[in-house]
Amino acid sequence: MKKLLPKLLGICLIIGGFTFEGMAQSGTLRGKVSDGESGEVLLGATVRMFQDGTMKGGAYTDVEGSYTISAAPGAYTLIISYLSFINDTVEVEAIDGEVTFTETNMFLTMEIRKDLEVVIVAKANQASDVTLFRKKLKSINTIDGVSADLAARVGAPTAAAAMTRVTGVTVEGGRYVYVRGLGDRYSLTTLNGAEIPGLDPDRNTVQMDIFPSNLIDNIIVYKNFTPDLPGSFSGGLVNVITKDFPEKFTFSLSGSAGFNSQASNEDQFLSYQTGDTDWLGFDDGTREIPGFIQGLPNGTIPNRDQVGLTVEDAQAIETASQAFNGSMFPIFDKSGLNYNFQASVGNQFNIGRGKRPLGFIATLSYRSNYDHFVDGIERRFKNTDSTATTLNNELNLRSNESS
């Protein structure tokens, strides 16, 4: 037993040595990529990491032009590339538990082919997050916004729902946008730079839920003045930029569903006697004025307080009263799930002898949401006397509400 103990101890030490030596070790390669001429950081530059000719990983630079790569200790070759810039190669070494920082300046390619002329016509992808970040970076104004890519990722069905992701913007009632906490009278909404009037005569702001998110490239919010903007706002300006006509046939379909533990599949959901087309937002005739009343002279019910009320007038008043829907109280119904559905289609054709382009884009959206609460309390207090030390409770109501 005494001879066996040292051997077992030696085996354990060897195994332990292999275990400690085999444990994962890593270093951090960190760097910053900038334009060598202007000094501007490059967003979205590609950094690829190679070792012995094999690609071991990579990263993209963020809005500050920085990247971070975790790598096992050893020597690596970083190849950094960016559109229209000359690729740069950097030799680095990853050290266990340490950060190796490298700053790279890239320069535009200066190679010119005199025997070959190439003209490239393209449009920037205005719907991407990268384009929006570059706008914010280069703008002399204080701007913020939301791109179509972000709206799609968060499942926002309308422009109003997407605006909730913008810092300093408040969306009231799911449609009215306030910038910097100021009321709607201080805000202005434009569509592709052109001012648009509001649909509500009592409000200055536009109902943002009328814009489906799948028709929008991005939404820019301006929070201060510059000479190129209209002067009819003091709180903020919201510019909705719509999609351009597609170069080829496009079709998209999206949908989402949500569950609210308080309102979804609720058996005691307050409802009413609906029409067959209420789900489309149109009345099927359920709420029309009864035909008997429309047949009266001038469509007017006789005044019960008039002097010389005849028997015929009294009968007309009674019949007219009974012709209306007698339902005065809500009914209980079962609610469903929250959901939204969107579909869009677009294309472009060349027509006529001059092959003039004619494009179109159309969208269809539908959404349904349920809200419900019970045992709501509403109280009203009044000061009845200037010398009173307490308020008099004049109203005490409990309510249930569904919408």
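How many bridges join strand E2 to strand E5, and do these strands run parallel or antiparallel? Select residues 46-51 for E2 and residues 74-81 for E5: five bridges join them, and the two run antiparallel.

Some ground rules before you click on. This is a predicted model, in which local features need pLDDT of at least 70 and side-chain atom pairs count only at pLDDT 80 or more, while totals for chains, interfaces and linings use all residues. Residues are numbered from 1 along each chain as its sequence is written, and side-chain values use heavy atoms, with hydrogens and water left out. The E and H labels are DSSP runs numbered from the N terminus, with at least four residues for helices (H or I) and at least two for strands (E). Two strands count as paired if DSSP finds at least two bridges between them.

**Stop 1: E2, E5 and E6**

Stay with E2 and E5 and pick out Met49, which stands opposite Leu78 in E5. Now add residues 88-94, strand E6, which is joined to E5 by seven bridges and runs antiparallel to E5. Show Ile80 as well: its bridge partner in E6 is Asp88. Then follow the hairpin of E5 and E6, with six residues between the strands, to Ser84, which takes a positive phi near 75°.

Aromatic rings come next. Rings of Phe, Tyr and Trp (its six-membered ring) pair if their centres lie within 6.5 Å; planes under 30 degrees apart count as stacked, over 60 as edge-to-face and the rest as tilted. The whole structure holds five aromatic pairs. One of them is Tyr82 with Phe85, an edge-to-face pair at 5.6 Å centre to centre with 65° between the planes. Tyr82 and Phe85 are both buried, where buried means under 20% relative accessible area, exposed over 50%, and partly exposed in between (1.4 Å probe, protein chains only).

**Stop 2: the E4-E1-E7 sheet**

Three strands make an open sheet here in the order E4-E1-E7, with mixed pairing. E4 (66-71) and E7 stand at the edges with a single partner strand each, so one side of each has no neighbour in the sheet. On average, neighbouring strands of this sheet are turned by 20° against each other, direction ignored; such angles run from 0 to 180 degrees between N-to-C directions, with axes as lines fitted to C-alpha atoms, for helices over the stretch in contact. Select residues 27-35 to get E1, which runs parallel to E7 and is joined to E7 by eight bridges.

Next, zoom in on Thr102, in strand E7 (residues 99-106). Which residue stands opposite Thr102? Gly31 does. Thr102 is buried, at a relative accessible area of 15%. Beyond residues up to four places away in sequence, Thr102 touches Arg30, Gly31, Lys32, Tyr67, Val90 and Val92, where contact means heavy atoms within 4.5 Å. Try a distance label to Ser66 too: Ser66 and Thr102 are 36 residues apart in sequence and 9.9 Å apart in space, C-alpha to C-alpha.

**Stop 3: helix H2**

Select residues 129-138 for H2, and colour its buried residues: Asp129, Thr131 and Leu132. They cover an arc of only 165° around the axis, so they sit on the same side of H2; the arc is that of the directions from the helix axis to the C-beta atoms. Among the elements that cover these buried residues are strand E8 (143-147), helix H3 (148-154) and strand E13 (216-222).

**Stop 4: a hairpin and Thr189**

Move to E9 (residues 169-172) and E10 (residues 176-179), an antiparallel pair joined by four bridges. Val171 has Val177 as its bridge partner in E10. In the hairpin of E9 and E10, with three residues between the strands, look for Gly173 and its positive phi near 65°.

Then hop to Thr189 in strand E11 (residues 187-191). Thr189 is buried, with a relative accessible area of 5%. Leaving aside neighbours within four places in sequence, its contacts are Ala194, Glu195, Ile196, Thr205, Val206, Met208 and Val238.

**Stop 5: the E15-E18-E19 sheet**

The last sheet is open and antiparallel, with three strands in the order E15-E18-E19. E15 (250-258) and E19 are the edge strands, each pairing on one side only. Neighbouring strands of this sheet are turned by 5° against each other on average, direction ignored. Nine bridges join E15 to E18, and Ser254 stands opposite Gln342 in E18.

To finish, show Trp279, Tyr339 and Tyr366, which ring pairs link into a cluster.
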